[in-house]
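Colleague: I am new to this model and would like a close look at one part. Please take me through the place where the two chains meet, and then through the elements behind it.

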Number of protein chains: 2
Amino acid sequence: MPVNLAAADPATLMPVAGVELGWAEAGMRKAARKDLLLIRIAAGAAVGAVFTENRFCAAPVQVCRAHLASGRGVRALVINTGCANAGTGEPGLAAARASCRAVAALLGCDPQQVLPFSTGVIMEPLPVERLIAALPQAVGRLAPDHWAQAASAIMTTDTLPKACSLRAAVGEHAVTITGVAKGAGMIRPNMATMLGYVATDAAVAPALMPQLTRRLADASFNRITIDGDTSTNDAFVLIASGAVPMAPIASFDDARMPALLAALTAVAQTLAQAIVRDGEGATKFIAITVEGAANEAEARAVAYRIAHSPLVKTAFFASDPNLGRILAAVGNAGIADLDQTRVQLHLNEVWVARDGGRHPDYREADGQRVMKGAEIAVRVQLGRGSAQTTVWTCDLSHEYVSINADYRS
Amino acid sequence: MPVNLAAADPATLMPVAGVELGWAEAGMRKAARKDLLLIRIAAGAAVGAVFTENRFCAAPVQVCRAHLASGRGVRALVINTGCANAGTGEPGLAAARASCRAVAALLGCDPQQVLPFSTGVIMEPLPVERLIAALPQAVGRLAPDHWAQAASAIMTTDTLPKACSLRAAVGEHAVTITGVAKGAGMIRPNMATMLGYVATDAAVAPALMPQLTRRLADASFNRITIDGDTSTNDAFVLIASGAVPMAPIASFDDARMPALLAALTAVAQTLAQAIVRDGEGATKFIAITVEGAANEAEARAVAYRIAHSPLVKTAFFASDPNLGRILAAVGNAGIADLDQTRVQLHLNEVWVARDGGRHPDYREADGQRVMKGAEIAVRVQLGRGSAQTTVWTCDLSHEYVSINADYRS
């Protein structure tokens with residue numbers, strides 16, 4: 001059961017001019033299931049992407065990077081579930097390239113203008129012939145108002161489709177932003193088994209896209225974690241179609257950028273948090289804020305150490321305020337000169353540990369009350385500086401073990 | 001159920017001249033339970049110790065370090081379960097020091113010659129008055145043949161006491177080595193809180209003890225992992241009583257050192273592996289060997305990344321040869337210039353991945369057969385150099401979640 005998350009109402013998902021979506025049932029792993037998504041992008045759009053930092057990155061990730069580096073622009077994205085096409089060697093690369101050629105032939109563009117994405121089981125060959133055979137069906141369904149179906153087509157172990165849409169004033173124009181994403185395990189940013197696609201009709205200079213995409217990812221998808229595993233296939237793509245008749249934003253100093261960035265961040269964070277809320281076996285949504293760090297890297301290290309501790313995560317699952325486990329995780333975060341007597345710990349509004357030890361006024365009943373909630377804020381103050389960060393995670397439940405033990409069956 | 005592990009036969013545990021052990025039921029957390037162990041060490045013994053690297057180290061760890069640094073030698077160890085005395089601030093330090101003073105008064109030594117150890121729940125105050133009240137009972141039981149009782153007295157969530165003993169020829173003398181350890185697994189763990197005590201009657205120069213203890217730990221207790229959480233209290237102590245009338249070994253170049261080191265390593269590895277075999281919820285014992293690394297740090301990083309991956313561990317639990325997850329973990333180990341096309345993966349004798357992709361001859365049935373066993377060897381070759389390491393771990397089961405969710409109830 002996802003934590004305070006409902007499927008997006010399709011009626012709320014606004015089309016983005018210049019972006020069309022079509023799906024198919026290709027039978028990649030199972031029959032009669034949406035498992036192929038095609039996104040067509042109008043000429044002239046600016047596209048940015050960030051990918052997994054896993055060195056065992058999948059064949060489609062390698063092909064994406066090469067195609068983006070060609071500088072020819074992006075006209076289509078082709079996304080399959082059911083098979084990650086990772087750990088598949090040279091045949092996997094050939095399969096990913098073949099899928100791009102097939103898309104290019106159908107849409108009349110260059111194969112290098114097509115980006116391939118895969119998600120699913122690792123180290124199994126991609127059934128690329130089935131993918132190619134289903135492409136005409138997906139092309140036939142291309143339409144701007146298919147975001148809800150797109151969200152469904154990229155699901156793997158997600159229990160709900162994840163999509164989000166909003167309009168924002170950027171300078172004198174109203175722009176639309178719509179995005180979809182999928183989780184839901186092997187999630188640790190940089191990135192997660194996570195695919196995310198956000199499109200806007202705003203105009204952004206292509207040269208600015210890599211930095212804008214990275215900044216957005218760092219504020220959203222790179223702040224979530226389910227189990228600390230980073231998948232071989234993670235990708236986040238930002239499309240700025242430029243369909244709105246505005247002068248392209250070409251710099252972070254542009255007066256219109258704060259409004260655009262805030263709106264894009266809102267969509268990306270909503271999608272990222274939806275992945276955590278629908279994390280494998282999740283029963284709680286936990287925001288971990290680390291303050292008073294010497295620098296942001298240190299803040300992130302502490303936040304992730306807490307978020308990844310199986311002991312902390314099982315305590316959250318049990319609603320057991322066994323909060324010393326959080327202090328132990330702080331101590332394990334690799335800060336060599338940490339002074340434990342300066343560390344403070346809050347759970348929501350409850351001051352649990354003061355100056356490294358249990359707060360004299362702390363009562364187990366207060367910790368218990370907070371732990372029973374479905375949304376919990378952990379706040380750690382290190383007393384070392386002024387850097388801070390927040391990451392979002394979920395608990396570790398029996399259901400997580402069941403899902404991942406039975407994944408392929 | 002521990003994996004291929006039985007309780008040591010008390011009759012096989014040999015006394016070590018110069019070392020006496022006594023226990024008590026102090027009621028630290030529960031009544032009528034051995035929860036206090038006292039070890040008296042004869043004058044002139046050499047003692048080495050290594051401690052947790054957790055910066056939130058417990059009060060007893062801080063006191064141990066200070067007492068060892070005083071250079072007065074070690075005459076006693078006092079060990080309690082039921083409370084970790086970690087995250088307890090200044091009162092925790094005072095309690096640990098008080099326990100040392102009480103031991104010193106009873107045994108007629110200096111408080112700085114006493115090392116305190118605690119294991120149990122974090123961030124709860126140590127009931128030091130109960131500990132001190134029970135010390136005379138422990139003193140009354142001091143005897144050289146109480147190793148079996150010692151192994152029981154330090155258990156927390158362990159399902160079996162862990163002890164091991166052997167004799168070895170070192171130069172012209174026969175030496176005895178006996179050790180006990182406690183780990184993780186049982187009904188109310190505070191996990192990975194590992195304590196290990198190994199004693200020998202061999203004579204070793206005090207100056208050599210820190211390095212010898214570290215080397216032993218690196219070959220045994222520092223190669224195991226259950227869940228990647230390092231406790232606030234971990235400690236490993238090596239005692240060389242020198243009761244054997246031999247000239248002290250004062251250098252690693254001493255011709256007798258290889259025999260002593262091999263025997264000590266055998267005892268330490270047996271104890272360390274026993275902790276994994278009795279890991280919380282463990283159903284499999286997994287040895288992960290990484291070869292062909294550029295250096296040992298790299299080999300360890302890869303081995304631990306595999307050993308800590310919840311996805312890999314749940315696949316082992318399910319006996320599901322979802323082995324791409326191992327490749328993904330290799331890719332996540334932080335080797336920036338890893339060439340995935342040089343990576344090989346074996347499971348026992350089965351060649352699973354060749355040159356970064358699925359081996360063409362690999363059959364799922366072969367992977368399935370290996371995964372169904374209770375003892376599994378994972379071998380990864382990186383193709384980068386000649387360094388290698390092995391770490392031991394267990395799977396991640398429903399039982400692990402149950403144990404840790406219910407810890408304090």
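Modeller: What follows starts at the interface and then moves into chain A.

Keep in mind that this is a predicted model. Start with the contact itself. On one side stand 52 residues of chain A, and they touch 52 residues of chain B. Which elements of chain A give two or more residues to that side? They are helix 2 (89–107), helix 8 (310–317), helix 9 (324–331), strand 14 (357–358) and helix 11 (398–405). Helix 9 of chain A gives the most, with 6 residues. By class, the chain A side holds 22 nonpolar, 21 polar and 9 charged residues.

Now the symmetry. How are the two copies related? Chain A falls on chain B after a rotation of 180°, with 0.0 Å of shift along the axis and an RMSD of 0.1 Å. The relation is thus that of a two-fold rotation axis. In chain A, the C-alpha nearest this axis belongs to His398(A), 2.9 Å away from it. The copies meet through the same surface, because 96% of the interface residues of chain A are also interface residues in chain B.

Next, follow helix 9 of chain A inward. Recall that helix 9 is the element that gives the most to the chain A side of the interface. Within chain A, helix 9 also packs on helix 7 (residues 296–308): their axes come within 8 Å and cross at roughly 135°. The two helices are therefore oblique to each other. Their crossing is right-handed. From helix 7 of chain A come Val302(A), Arg305(A) and Ile306(A); from helix 9 of chain A come Ile326(A), Ala329(A) and Val330(A). That contact has 5 nonpolar residues, no polar ones and 1 charged.

Helix 2 of chain A is another element on the interface list. Its partner inside chain A is helix 1 (residues 59–69). The axes of helix 1 and helix 2 of chain A come within 8 Å and cross at roughly 55°. This pair is therefore oblique too. Here the crossing is right-handed. Helix 1 of chain A brings Ala59(A), Pro60(A), Gln62(A) and Val63(A). They meet residues of helix 2 of chain A, among them Gly92(A), Leu93(A), Arg97(A) and Cys100(A). The residues of this contact divide into 7 nonpolar, 2 polar and 1 charged.

Strand 14 of chain A is on the interface list as well, and it leads into a sheet. The sheet is open, has 7 strands and runs in the order 9-16-11-15-12-13-14 in chain A, with mixed pairing. Where does strand 14 stand? Strand 14 and strand 9 (224–225) of chain A are at the edges, each with a single partner strand, so one side of each has no neighbour in the sheet.

Look further in, at strand 11 (residues 285–293) of chain A. Strand 11 pairs with strand 15 (residues 375–381) of chain A in the parallel sense, over 7 bridges. In this pairing, Glu291(A) has Gln381(A) as its bridge partner. Val290(A) stands opposite Val380(A) of strand 15 of chain A. Strand 11 of chain A also pairs with strand 16 (residues 387–394) of chain A, here in the antiparallel sense and over 7 bridges. There, Ile286(A) has Thr393(A) as its bridge partner.

Methods
Residues numbered from 1 in each chain as written. Chains lettered and ligands numbered in written order. Predicted model: local features only at pLDDT ≥ 70, side-chain atom pairs only at ≥ 80, totals over all residues. Contact = placed C-beta atoms within 7 Å. Helix = DSSP H or I, 4+ residues; strand = E, 2+ residues; numbered from the N terminus. Nonpolar A, V, L, I, M, F, W, Y, C, P; charged D, E, K, R; others polar. Pairing = 2+ DSSP bridges. Least-squares fit on C-alpha atoms with pLDDT ≥ 70 in both. Axes fitted to C-alpha atoms, helices over the stretch in contact; angles between N-to-C directions. Parallel < 35°, antiparallel > 145°, perpendicular 65-115°, else oblique. Left-handed = near helix turned anticlockwise from the far one by under 90°.
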